[in-house]
Amino acid sequence: ALYFSGGRDELRARGLRANPTVSLADAVCVVTGASSGLGRRFAIDIAAAGGVVVGLARRTELLATLEVELHRRSPRSSATRCDVSDVAAFVGLLESIEKEHGRIDVLVNCAGISEPSGTRTVPSGGDEIAVDRVLAMYRQVMETNFFAAVAGTQAVLPGMLRRRSGVVVNVSSDSARAPGPGEPAYCASKAALSAFTESLALSIE
């Protein structure tokens, strides 16, 4: 099953199932963006529910602290450095995790970035250098927020379909439906992620 961030009424209106109760006891769960924020909360809560968590994130020092918290709740859990925007490395790591544990039951794609603070999101007229810089920033945000989640989903989905069991959670944002000023790349990436998840969920339900 694939899920996106939306209320139950919206899920029904779009023909998608609301999240069923999922047993996390001994489930192998990969959480990206696990070093802080929602990703950290997901990782710790899943470990507390008995899941075997592999937390992925870029910041090594925060991962060390996370690993202590995970071990306290689930001794088989771990934390590993991974920059999901390096899609080949991310997919390779998922394959290694699947080999080590025999399966991946849950993938939570929570890693995300926004525009760097102070970034000019609209180039000055006729400034080709500024256009290139803005596009590079858009690509960076899309690689982390959208393409990494697509790659991760595609990597774990075949095994889940063979087992007829598994959950992928792609963490979107209200910005996907109600974008605000100053974060056009972030809003676009989350809208793309929601559309991808909804369409794919309808395709395999």
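Helices (H or I, at least four residues) and strands (E, at least two) are DSSP runs, numbered from the N terminus. With that in hand, take helix α4: G102 follows α4, and its phi is positive, near 90 degrees.

## The model as a whole

This is a predicted model, in which local features need pLDDT of at least 70, side-chain atom pairs count only at pLDDT 80 or more, and totals for chains, interfaces and linings use all residues. Residues are numbered from 1 along each chain as its sequence is written, and side-chain values use heavy atoms, leaving out hydrogens and water.

The score pLDDT is the predictor's confidence in each residue, from 0 to 100. Its average over the chain is 86, and 83% of the residues score at least 70. Over residues 4-18 the pLDDT is below 50. A contact means heavy atoms within 4.5 Å. Beyond near neighbours in sequence, the stretch 4-18 has 29 contacts in the model.

The chain has six helices and six strands. Along the sequence they follow the pattern β-α-β-α-β-α-β-α-β-α-β-α. Take the contacts with a separation of 6 or more: 67% of them join residues 24 or more positions apart.

Next comes burial. Buried means under 20% relative accessible area, exposed over 50%, and partly exposed in between (1.4 Å probe, protein chains only). The chain has 205 residues, and 44% of them are buried.

## Two helices, each with a buried face

The expected span of a helix is 1.5 Å times one less than its number of residues. The table sets α2 and α4 beside this rule.

| Helix | Residues | Number of residues | End-to-end C-alpha distance | Expected span |
|---|---|---|---|---|
| α2 | 37-48 | 12 residues | 17 Å | 16 Å |
| α4 | 87-101 | 15 residues | 21 Å | 21 Å |

Which residues of α2 are buried? They are G39, A43, I44, I46 and A47. Seen down the axis of α2, these residues fall within an arc of 165 degrees, so they line one face of the helix. The arc is that of the directions from the helix axis to the C-beta atoms. On the other side of α2, G37, L38 and A48 are exposed. The buried residues of α2 pack against β2 (28-32), β3 (52-57), α3 (60-73) and β5 (106-109). After α2 comes G50, with a positive phi near 100 degrees.

Helix α4 buries F90, L93, L94, I97 and H101. Its buried residues fall within an arc of 100 degrees, so they too line one face. Turned away from that buried side are the exposed residues A88 and K99. A general point helps here. An α-helix has 3.6 residues a turn, so residues three or four places apart point the same way.

## C29 and the cysteines

C29 lies in strand β2. Is C29 buried or exposed? It is buried, with a relative accessible area of 0%. Leaving aside residues up to four places away in sequence, C29 touches L24, I46, V52, V53, V54 and V106. C29 and A43 are 14 residues apart along the chain, and their C-alpha atoms are separated by 8.3 Å.

C187 is buried as well, at 6% relative accessibility. A disulfide is a pair of cysteine sulfur atoms within 2.5 Å. How many disulfides does a search of the whole structure find? It finds zero.

## Helix α5 and its partners

A148 lies in helix α5. This residue is buried, with a relative accessible area of 2%. Not counting residues up to four places away in sequence, A148 touches V84, V87, F90 and E143. A148 and F90 are 58 residues apart in sequence, yet their C-alpha atoms are 7.7 Å apart in space.

Now the rings. Rings of Phe, Tyr and Trp (its six-membered ring) pair if their centres lie within 6.5 Å; planes under 30 degrees apart count as stacked, over 60 as edge-to-face and the rest as tilted. The count comes to two aromatic pairs. One of them joins F146 and F196, edge-to-face, at 6.2 Å centre to centre with 90 degrees between the planes. F146 lies in helix α5 (residues 128-163) and F196 in helix α6 (residues 184-204), so the pair ties together parts that are 50 residues apart in sequence. Both rings belong to buried residues: F146 has a relative accessible area of 14%, and F196 stands at 16%. Ring pairs link F146, F147 and F196 into a cluster.
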